[in-house]
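Ready for some practice in reading a protein fold? Have the structure open beside you and work through the exercises one step at a time.

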Amino acid sequence: MAGWSHRYARINGLDVHYVEQGEGPLVVLLHGFPHIWFSWRHQIGPIADAGFRVVAPDMRGMGHTGGPRDHREYDVDRIVGDLTGLLDHLGEEKAVFSGLDFGLFAAYDLAYHHPDRVAAIIGLENPFFTPSDESPLTLAARQARRHFNHIHYFAEPGVADRDLAAAPREFLRKVFYALSSDYHYLDVWRQPPGTSYLDALPETPPLPWTWLTEPELEFYVDAYSRSGFTGGLNWYRAMDLSWEYRKSYGDRKNPVPYYFIGSEQDADLEGWHGDDPLNKLGDHHADVRGVRMIKQAGHMTQMERPAETTAAMLGFLTGSDR
């Protein structure tokens, strides 16, 4: 932690917070929801020590980065503008981008729009945009008629915002646990329609866990207690806008070098990317450089198995695993 520098800038109309460490080629680490820059705490220092300039921003609407309340302001153009604006602010032409969830999808969008600004992508858990003739929110609504679906629960403005803001510590503790290898996340789907997310999620053992301590959880609780959850939820509410927009390059492959890190117990690989997604990487990426699967880890792999995840990232960044 001693090497971290917290910085603030006005980028693309937002007050943006990011953490920076190191000098050398730029590596940008992009989080999803309900994360903040702190989800990369185990990777920032080792990657910087290996000779890289590492930047981990709080994404639009989360952490200390501002975000509009209108979900239409979370569309592809604006998110891509956040990333190009960050590069411009940092004085860099390009970077290696690594991401998880919405952060990774933002890196994919950037690569399609501005491949000259993306040296490579290191993708965690979400291997590609999954093709679908049905919009994400329509699909979620249809599934929610049969069982609980978190995307549908998030879609209605005000509902999840209110519920989660009333119990940020309970929500964050439960959702992190449910997404880890300590639980089978898709069991949440056993809950009936109309269940709230807090009730659908499992009870957890007391902290500390092997991969998360009480003080670490408090970083997230403090951040979301101040910001609220609307910014993060707006990324879900904009999913149909993003899906419609991405049709323009749905038949093209990501053109930049690509490296994938997954985990054997990841809920996304199991439930959201179709059958055998790893064998379909070449259908979506023009230059797949490598694949690394991490054992005994769920969706929180960079926190659950930090040493293995960091080693896999460094193997690609330094060229030892290409």
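Two strands count as paired if DSSP finds at least two bridges between them. Keep in mind that this is a predicted model.

**Exercise 1.** Describe how strand 1 and strand 2 pair, and look at the turn that joins them.

*Solution.*
- Step 1: Find strand 1 at residues 5–11 and strand 2 at residues 14–21.
- Step 2: Seven bridges link these two strands, and the sense is antiparallel.
- Step 3: Pick out one pair: Ile11 has Leu14 of strand 2 as its bridge partner.
- Step 4: Two residues lie between the strands of this hairpin, and Asn12 has a positive phi near 55°.

**Exercise 2.** Work out the strand order of the open sheet and find its edge strands.

*Solution.*
- Step 1: Trace the eight strands across the sheet; their order is 1-2-4-3-5-6-7-8.
- Step 2: The pairing is mixed. Strand 3 (residues 26–30) and strand 5 (residues 95–100), for example, are parallel and share four bridges, with Val27 opposite Val96 of strand 5.
- Step 3: Strand 1 and strand 8 (285–294) each pair on one side only, and these are the edge strands.

**Exercise 3.** Decide how helix 1 and helix 15 are oriented to each other, and list the residues that meet.

*Solution.*
- Step 1: A general reminder: two packed helices are described by the angle between their axes and the distance between the axes.
- Step 2: For helix 1 (residues 41–49) and helix 15 (residues 306–317), the angle is about 40° and the axes are 10 Å apart.
- Step 3: Angles under 35 degrees would count as roughly parallel, and 65 to 115 as roughly perpendicular. Helix 1 and helix 15 are therefore oblique.
- Step 4: The crossing of helix 1 past helix 15 is right-handed.
- Step 5: On the helix 1 side you find His42, Gln43, Pro46 and Ile47; they meet helix 15 residues including Met313 and Leu314.
- Step 6: Sorted by class, this contact of helix 1 with helix 15 has six nonpolar, four polar and no charged residues.

**Exercise 4.** Now try helix 4 and helix 11: which residues make their contact?

*Solution.*
- Step 1: Helix 4 (residues 136–144) packs against helix 11 (residues 239–246) at about 130°, with axes 7 Å apart.
- Step 2: This angle makes helix 4 and helix 11 oblique to each other.
- Step 3: Pro136, Leu137 and Thr138 of helix 4 touch Met239, Asp240 and Trp243 of helix 11.
- Step 4: By class, the contact of helix 4 with helix 11 has four nonpolar, one polar and one charged residues.

Conventions:
Residues are numbered from 1 along each chain as its sequence is written. This is a predicted model: local features need pLDDT of at least 70, side-chain atom pairs count only at pLDDT 80 or more; totals for chains, interfaces and linings use all residues. Side-chain values use heavy atoms; hydrogens and water are left out. Axes are lines fitted to C-alpha atoms, for helices over the stretch in contact, and angles run from 0 to 180 degrees between N-to-C directions. Angles under 35 degrees count as roughly parallel, over 145 as roughly antiparallel, 65 to 115 as roughly perpendicular and the rest as oblique. A crossing is left-handed if the near helix is turned anticlockwise from the far one by less than a right angle, and right-handed if clockwise. Contact means heavy atoms within 4.5 Å. Ala, Val, Leu, Ile, Met, Phe, Trp, Tyr, Cys and Pro count as nonpolar, Asp, Glu, Lys and Arg as charged, and the others, Gly among them, as polar.
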